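Got your viewer open? Grab the mouse and get ready to click through a few selections with me.

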Amino acid sequence: MSSDVAFLAEFADGSPSRSALELAAGAAALAKQGGGAAIALAYGKGAAGAAQLGSAGAARAVVLGDNTNPAITHATAAAAAVREAAPLALLAPATPNGRDLAAALVGLLGLPAFGPVRAVRLDGGTLRTEQATLQGTVITVSEPAEGAPQPAVVLVLPSTFSPLEGGTREAVVTNAPATEAGPLGAARIVESHPAEAAVANLEEASVIIAGGRGVGSAEGFAPLHDLAAVLGGAVGASRAAADAGWVPYQLQIGQTGKVVKPALYVGCGISGAIQHRVGMQTAENVLAINKDPDAPIGEFADLFVVGDLFTIVPKLTAEIRRRKGI
Amino acid sequence: MKIVVCLKQVPATTAEKRYTADLRLDRAAAEAVINPLDEYAIEQALRLQEAGAVATVSYLSMGPEQSAEALRRALAMGGDDATLVSDPALAGSDAWATARVLAAALDRLAPDVTLMGMASDDARGSLVPGAVAAIRGLPLLSYGAELRIEGSVGRIRRLTADGFDIVEAPLPVVASVTDQVGEPRYASLKGIMAAKRKPMETWSLADLGLSAADLHGAALTRVIEARKPEGKPPTERVENVSPDDAVARIVEWLAARKLIA
Ligand SMILES: Cc1cc2nc3c(=O)[nH]c(=O)nc-3n(C[C@H](O)[C@H](O)[C@H](O)COP(=O)(O)OP(=O)(O)OC[C@H]3O[C@@H](n4cnc5c(N)ncnc54)[C@H](O)[C@@H]3O)c2cc1C
Ligand SMILES: Nc1ncnc2c1ncn2[C@@H]1O[C@H](COP(=O)(O)O)[C@@H](O)[C@H]1O
């Protein structure tokens, strides 16, 4: 069995996604411990250009398909590539597409599955993963059962690894072995409806200013956008704000939204329900502004300011502007 | 047209969770509910039935015997019948074993649409739908904000990075839906009474022609440690001060953490 570590590399609009760059770095670091290599399994629009993943850490790349079809339609090709490469582990991004393709591999090949995890390591050759379970109330460490087949499939949360910088290598690219896609390959996108305005990718934001029901309306988000602008961040939301139609669902943070890990999260008019908390609790710094002194977010924020967001947020923006001299 | 909704019984979000000596979740100790995200799948199935797109709504769950309560609660919301797969050999089953067993049960139930929640509250892998689709050799329509059945195809509306797509596949399919399909209904008193008379069967592993050996015990993974998350430093509270003082403190705090210059 090899010490190679494979990863699912998702491409969109011609480029590797952030998750592909993060997982390339993670796979390279794990593989190195046993003298193995990182192998990308690339899919999505632009996947044919997977050689560029070399600078991100991949030694080799197998192209599963260069198209916009749902990731799971590449399942039989991915299974053939995994059989051929026989890696120790397969890292998959904990995104909808990443989970679907990983799940199909678990089903087709009968593999152990872990995650979504926030840490993966090799202890004396044994793969160990660390996972927050039960809404983050318990941390569990897991490993493959004795005699479990390889690879171990690991779902990895965003920002678990940092992309490598300054690499210049190219990955050696091959096409996946030819296979029949079968019924798993039958799902097709028949209509696409992109939004009129650009939507931020919260998983890439290092500062997130999140608004909840307390923001009150779509217009109420204006001061949050202003604060995000002076801090170089993006605006996020609770499900209550997305359900109300004040912001698109892509900005929802939480159990059924994005899981984010910014350097700074600012919650404005958000109570801190458990389903929201699981999406932001690994933020490095949490500031909450809420007019209710008993709001649950006050129990886990680092700094909890009791006050009206419509007073505090504009004043804070003005003060930061003043300090920056802008 | 027949839908089978797969639902899991999980510890309530608010319940105190405990682990047994062998590091499995102590399911007997926690208050149990239908996995909240599976209630949205139930709601979607019942709406399709009410719209006449589906004749039969059945439920399928794998879990300890007490999971029958979750199935009974689902039947109180609506639908026709339920199947529980329960076997002592399934305790502690992982995503693969769960998918394998559900797939074997679904081979018998042979629905046109297998409908699942987008994730279970406890495992949170969102792996079972795709693994079941792979094992049964069916297309997957995942993370639907809405599911429709049009003639011989299933269609979902699925969120993308900046908008949404319509994704389609020929029936039979496995589908999963999100919490955007519409708020789950409550069971009425009448529904609760009616549920008592709806058929429910229990199958063992042997009934499905499977044995513990086929499932590698029940799991290809094992938990070696369970602990509480690292405690965070206590929250600093800023209250009963003027907005200007509050802002001054925020700015100091941001600067101390190098979040602003
Ligand atoms: C299955 C399931 C999945 C879910 N998934 C998610 C998810 O992914 N993400 C998510 O966010 N939620 C999710 N939820 C919903 C979650 O349970 C809460 O209902 C939601 O997070 C509440 O949003 P909120 O904090 O904005 O609103 P509320 O709980 O209503 O809180 C609003 C807060 O604003 C404060 N406020 C009001 N006015 C002001 C003001 N002027 N200034 C300052 N503060 C003010 C109030 O004091 C209050 O604390 C889910 C629920 C379920 C059942
Ligand atoms: N034990 C189970 N019995 C029935 N359905 C299940 C079970 N486990 C998972 N599912 C289904 O699979 C979905 C995703 O679960 P998971 O992969 O655990 O996140 C759930 O929302 C359920 O619909």
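Here is a short tour, one selection at a time. Keep in mind throughout that this is a predicted model.

**Stop 1: chain B as a whole**

Start by showing chain B alone as a cartoon. You should be able to pick out six helices and 13 strands. Rotate the chain a little: the C-alpha atoms fill a box of roughly 65 × 45 × 40 Å along the principal axes. Now switch on a surface. Chain B exposes about 11,200 Å², and 52% of that comes from carbon and sulfur atoms. As for what is hidden, 52% of the 261 residues in chain B count as buried. Colour the chain from one end to the other and look at which colours meet. Among contacts in chain B with a separation of 6 or more, 70% are between residues 24 or more positions apart.

**Stop 2: ligand 2**

Next, select ligand 2 and zoom in. Which residues come nearest to ligand 2? Of the 21 around the ligand, they are B:C6, B:D38, B:S120, B:S126 and B:L127.

Show those five as sticks and check some distances:

- B:D38 has a polar side-chain atom 2.4 Å from an oxygen atom of ligand 2.
- B:S120 places an N or O atom of its side chain 2.6 Å from a ligand 2 oxygen.
- B:S126 uses its backbone instead, with a polar atom 2.8 Å from an oxygen atom of ligand 2.

How much of ligand 2 does the protein cover? On its own the ligand has 480 Å² of accessible area, and the protein covers 97% of that.

Zoom out slightly and colour the pieces of chain B that form the shell. Strand 4 (56-62), helix 3 (95-109), strand 6 (113-117) and helix 4 (128-136) each supply at least two residues. Strand 4 gives the most, with three. If you colour by class instead, the shell around ligand 2 shows 11 nonpolar, seven polar and three charged residues.

Before you leave, click on B:C6 again. Is B:C6 buried or exposed? B:C6 counts as buried because its relative accessibility is 7%, under the 20% cut-off. Over in chain A, A:C268 is buried too, at 0% relative accessibility. If you're hunting for disulfides, the count over all chains is zero.

**Stop 3: helix 4 of chain B**

Stay in chain B and select helix 4, one of the elements you just coloured around ligand 2. This helix is mostly covered, with seven of its nine residues buried. Highlight the buried ones: B:V128, B:P129, B:G130, B:A131, B:V132, B:A133 and B:A134. Now bring chain A back into view, since you'll need it for the neighbours. What do the buried residues of helix 4 pack against? Their partners are helix 3 (96-109) of chain A, plus helix 3, strand 6, strand 7 (140-150) and strand 10 (173-177) of chain B. Then step along to B:G137, which follows helix 4 and has a positive phi near 70°.

**Stop 4: ligand 1**

With both chains visible, select ligand 1. This site is shared between chains, because residues from chains A and B surround the ligand. There are 29 residues around ligand 1, and the nearest are A:R213, A:S238, A:I253, A:S271 and A:N290.

Try these distances:

- A side-chain N or O atom of A:R213 sits 2.6 Å from an oxygen atom of ligand 1.
- From the backbone of A:T256, an N or O atom lies 3.0 Å from a ligand 1 oxygen.
- For A:G257, the backbone N or O atom is 3.4 Å from an oxygen atom of ligand 1.

Taken alone, ligand 1 exposes 990 Å², of which the protein buries 83%. Which element gives the largest share of the shell around ligand 1? That is helix 1 of chain B, with three residues. By class, the shell has nine nonpolar, 14 polar and six charged residues.

**Stop 5: A:T179**

For the last stop, select A:T179, in the loop between strand 11 (172-175) and strand 12 (188-194) of chain A. At 38% relative accessibility, A:T179 counts as partly exposed. Now add A:T76, which is 103 residues away along the chain, and compare the C-alpha atoms: they are separated by 6.4 Å. The side chains of A:T179 and A:T76 are joined by a polar contact of 3.2 Å. A polar atom of the A:T179 side chain also lies 3.4 Å from the backbone nitrogen of A:A77.

Terms used:
Residues numbered from 1 in each chain as written. Chains lettered and ligands numbered in written order. Predicted model: local features only at pLDDT ≥ 70, side-chain atom pairs only at ≥ 80, totals over all residues. Heavy atoms only, no water. Near = heavy atom within 4 Å. Polar contact = N/O pair within 3.5 Å; in protein donor to acceptor, adjacent residues only side chain to side chain. Areas by Shrake-Rupley, 256 points an atom, 1.4 Å probe, with all protein chains shown as cover. Helix = DSSP H or I, 4+ residues; strand = E, 2+ residues; numbered from the N terminus. Nonpolar A, V, L, I, M, F, W, Y, C, P; charged D, E, K, R; others polar. Buried < 20%, exposed > 50% of the residue type's maximum accessible area, 1.4 Å probe, protein only. Contact = heavy atoms within 4.5 Å. Disulfide = S-S within 2.5 Å.
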